[in-house]
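Subject: Structure handover

Hi there,

Here is the structure I promised to pass on. Could you load it next to this message while you read?

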Amino acid sequence: MSLFLSRISKLSAYKVKNARFFSSLPESSPYLLLSSEKLGETCEGNETVRQKLFDPRKEETVSGSEKTLPKELEGDILVGASKGWVLSMDKKDSSLHLTDLCKPWVSSSPRVMSLPSLGFDPCVTVKQVSLSSSSPDECTVAANFSESQLSVCRTNCDSSWTHFKTPFPLLQASDLMYSKRDNAFYFASNKGLYMGSLHLSSNKLKYQELRFSSLPKFPEAEWEMLDTCFMSKHFVESPSGELFFVKWYRQFLHKENNNNGRREVEDIHSKTRRFMVFRQDDNTKALSYTQDIGDLCIFLGKSEAFCLSASLYPGLKPNSIYYIGSGLGSYHLPSGTVRPYNPLGSPKTLHAPFWLDPISS
């Protein structure tokens, strides 16, 4: 079995409701990639595979149709995802490919697009990747392959990547996000104090301080608990062009074992404790805390964050965040209620998979 398959087969530790099999799945629906299994080989010797996915609308696992694994992807590992496309990398030579193999609605012959070589060995396994369009034939790809630089290339145009140095590490900074409204890529600094932007019209990195016009009013004990959490930061744009800044708080917990009077840590895992959502004012650019995003729902994971109108996708819960990372679940913003989706297995062995957003322009 190729590395491409083994990398995502580990994700099957998440067990949800009984799986259903479909010869084809509806395009207009978000899915979560869970695993991929090898089914056999074609007469030409190509591997045939099938993806298992989680459907958040029906809260059950579904299986896509049988597909042929392109030769270019054999030996590749998944490193990022954006707008339904997955970026894969060959560990031998660090060559990169964009593919729609994981889209459940794609035909039996998925597309593969080769990207320029990086020119160096990337230092991170899972990258933050963002595409400026769901059509990779004419788009800009942005990613962070090293700790303090943003890498950009235009498909079917650039023969090499352009690397922009950043004054702060990107590894533990934030997701990359493309804003269709502003024609720019956005990311946050390590502590969420600054917003970095790369406008495609100027092709130059700029920074601005993040200003918060309102903050949540929590008891002091709640703030103290949040100070002990790991916080990740995510920009996401709504279908109408509203910009949101999301803080995701996860707390590390452990179990202890008494071994002859000695207390030893037996297991360490993380748990989602809270999300904070801030809406950007179009005029002042200030961020204000909100627990009401209306009909919208946000999807967070290792792929680029995206936002959907729940009313267009019956079954999705409005005013909620669907997440994969410290468990699989949804978070209702007004009530702070977490709804887990049967995430069984040891958290230490789980790998955060990718949300695949519906077809977009």
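Below are the notes I made on it, from the whole chain down to single residues.

First, the ground rules. This is a predicted model, in which local features need pLDDT of at least 70 and side-chain atom pairs count only at pLDDT 80 or more, while totals for chains, interfaces and linings use all residues. Residues are numbered from 1 along each chain as its sequence is written, and side-chain values use heavy atoms, with hydrogens and water left out.

**The chain as a whole**

The secondary structure comes to 2 helices and 28 strands; both are DSSP runs numbered from the N terminus, helices being H or I of at least four residues and strands E of at least two. Of the 361 residues, 54% count as buried (buried means under 20% relative accessible area, exposed over 50%, and partly exposed in between, with a 1.4 Å probe and protein chains only). About 16200 Å² of the chain is exposed, and carbon and sulfur atoms supply 47% of that area (Shrake-Rupley method, 1.4 Å probe; for residues, only the protein chains shown count as cover). As for contacts (heavy atoms within 4.5 Å), take those between residues at least 6 apart in sequence: 53% of them join residues at least 24 apart.

**Strand β8 and its partners**

Strand β8 covers residues 96-99; L96 and L98 point one way from it, H97 and T99 point the other way, and all are buried. On one side β8 pairs with β7 (residues 85-90), antiparallel and through 4 bridges (two strands pair if DSSP finds at least two bridges between them). In that pairing, M89 stands opposite L96. The hairpin of β7 and β8 has 5 residues between the strands, and S94 in it takes a positive phi near 60 degrees. β8 also pairs with β9 (residues 112-115), again in the antiparallel sense and over 4 bridges, with H97 opposite S114.

What does the side chain of T99 reach at 2.9 Å? The answer is the backbone oxygen of R111. A polar atom of the T99 side chain also lies 3.0 Å from the backbone nitrogen of L101. Both are polar contacts by the rule used here (a pair of N or O atoms within 3.5 Å; within protein, one must be able to donate a hydrogen and the other to accept it, and residues adjacent in sequence count only if both atoms are side-chain atoms). The relative accessible area of T99 is 0%, so T99 is buried. Leaving aside neighbours within four places in sequence, T99 is in contact with L73, W85, V86, P110, R111 and V112.

**Salt bridges**

The count comes to 10 salt bridges, each a side-chain nitrogen of Lys or Arg within 4 Å of a carboxyl oxygen of Asp or Glu.

- R111 turns up again here: its side chain meets that of D137 in a salt bridge, 2.8 Å from N to O. This pair links distant parts of the chain, 26 residues apart, with R111 in the loop between β8 and β9 and D137 in the loop between β10 (128-131) and β11 (140-146). R111 is partly exposed at 36% relative accessibility, and D137 is partly exposed at 30%.
- Salt bridges that share partners join E59, K317 and R339 into one network.
- Within that network, E59 and R339 form a salt bridge whose closest N and O atoms are 2.6 Å apart. E59 lies in the loop between β3 (47-55) and β4 (60-63) and R339 in strand β27 (residues 337-340), so the pair ties together parts that are 280 residues apart in sequence. E59 is buried at 11%, whereas R339 is partly exposed at 39%.
- E74 and K71 also meet through their side chains, at 3.8 Å from N to O. E74 is partly exposed at 28%, as is K71 at 47%.

**Two asparagines to look at**

Most residues other than glycine have a negative phi. N203 has a positive phi, near 55 degrees, and lies in the loop between β16 (194-199) and β17 (204-209). N319 has a positive phi near 60 degrees, in the loop between β24 (306-309) and β25 (320-325). Are they buried or exposed, or in between? N203 is partly exposed at 42% relative accessibility, while N319 is buried at 9%.

Happy browsing, and best wishes!
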